[in-house]
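Student: I have a model open and would like to reason through it with you. Could we go step by step?

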Amino acid sequence: MRKVIAGNWKMHHGPSAAVDFLSRFRPAVQEGSVRIALFPPALSLASARRAAAAAIEIGAQHIHWERSGAFTGELSAEMAGEVGATLALIGHSERRHLFGETDAEVARKVRAAIRAELTPVVCVGELLEERRAGRLDEVLARQVGTVTEALATASDFMVAYEPVWAIGTGETATPEDATAAHRLVRSALGELGGAPVLYGGSVNPANAGALLFAPDVDGVLVGGASLDPIGFGNIVETGVGG
Ligand code: PGA
C-alpha cells in the first residue's frame, strides 16, 4: 500500500500563506509514490487547491452534517467539495475535546462526507487518563464502532489514530504503541480493516521513518511539522524512500 502523508494545518496558513507553502513544497512531490493530503483552514481551501499539484489531495478540517441551513459559521461537505476538497477530517481530538464534538456527531459527519463524495479521515484516540486506566481498547472500540456502519458505505476512507496526549505535546507514541493501537483499530473495523490507518501525534522529520514503517502503520497525519514546506517535504521523502 502507498504510504499516506497527510498534513493538518489547523488554524494556520491563510490563503496567501497556503500558496506560498505550496510553491515551496511542490519539489517534494513525486507523482504516485506516496499519497499526499493537506488539510488547510476552510478559507484557504480554494487557493490551496489552485496552487497544489494535481497529485496533492486537499481536504476540509471540519464539516457540518447538513447540506445547508441556519447554522451560522458552519460549512457543508458539499461546499468544501465545490472549492476542490476531496477529503474531510472528522472527529479530530481538538474538535472532540475543545469544541465538544460527540461520537454521534462524528458519525453524522462521516455520512455527510460520503454523501458529498469526500473521503472521510476519521480521527480516534485516547486521553492519557484513559490509557493509564487500561481503557485504550474500549475507547478505540467505541470511537471506531460508532462510525463503522457509515464507513461501510464509503468507497474510500481512512482512520487516523491520534493519542490525545501526543498531539502538539512533542511526545509521540513509540512505534510499538502505534502498531498495537492500529491493530485494535483494525479489529474494531472488522471487515473494513483493510483501510489505511494513519498515526498522528507529534510526528516530525526525525521520528517519521520509525513510525511510518512500523507494522500496521499506513501513513502519518502531521500537525505542527506540516506547516514548514521543507520539513513536511522531508517527511514525504521518508515515505517515498521506504
Ligand atoms: P501534531 O498534531 O503533529 O502537532 O501533534 C497532529 C494532529 O493534530 O493531527
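Student: Where is the place of S202?

Tutor: Keep in mind that this is a predicted model. S202 sits in the loop between strand 7 (197-200) and helix 10 (208-212). Its phi is also worth a look: S202 has a positive value of about 55°, although it is not a glycine.

Student: Which residue other than glycine has a positive phi near 50°?

Tutor: That is K10, whose phi is near 50°. K10 belongs to the loop between strand 1 (4-8) and helix 1 (15-25).

Student: Which residues come nearest to the ligand?

Tutor: There are 14 residues around the ligand, and K10, H92, E162, G168 and S202 come nearest. To be counted as near, a residue needs a heavy atom within 4 Å.

Student: What makes the approach of K10 to the ligand a polar contact?

Tutor: The cut-off is a pair of N or O atoms within 3.5 Å. An N or O atom in the side chain of K10 is 2.8 Å from an oxygen atom of the ligand, so this pair qualifies. H92 also qualifies, because an N or O atom of its side chain is 2.6 Å from a ligand oxygen. With G224 it is a backbone N or O atom that lies 2.8 Å from an oxygen atom of the ligand, so that pair passes too.

Student: How much of the ligand does the protein bury?

Tutor: Taken alone, the ligand exposes 280 Å², and the protein buries 95% of that. The space taken by the ligand is the second largest pocket.

Student: Why are strand 2 and strand 3 said to pair?

Tutor: Pairing requires at least two bridges. Strand 2 (residues 35-39) and strand 3 (residues 56-60) have 3 bridges, so they pair, and they do so in the parallel sense. For a spot to inspect, A37 stands opposite E57 in strand 3.

Student: What do the 8 strands close into, and in which order?

Tutor: They close into a barrel in the order 1-2-3-4-5-6-7-8, with parallel pairing. Neighbouring strands of this sheet are turned by 25° against each other on average, direction ignored.

Key: Residues are numbered from 1 along each chain as its sequence is written. This is a predicted model: local features need pLDDT of at least 70, side-chain atom pairs count only at pLDDT 80 or more; totals for chains, interfaces and linings use all residues. Side-chain values use heavy atoms; hydrogens and water are left out. Helices (H or I, at least four residues) and strands (E, at least two) are DSSP runs, numbered from the N terminus. Axes are lines fitted to C-alpha atoms, for helices over the stretch in contact, and angles run from 0 to 180 degrees between N-to-C directions. A polar contact is a pair of N or O atoms within 3.5 Å; within protein, one must be able to donate a hydrogen and the other to accept it, and residues adjacent in sequence count only if both atoms are side-chain atoms. Accessible areas come from the Shrake-Rupley method with a 1.4 Å probe; for residues, only the protein chains shown count as cover. On a 1 Å grid over the protein atoms alone, a cavity is a set of points where a 1.4 Å probe fits but cannot get out, and a pocket is an open set with protein on both sides within 12 Å along at least five of seven lines; lining residues have an atom within 4 Å of a point. A molecule sits in a cavity or pocket if more than half of its atoms lie within 2 Å of its grid points.
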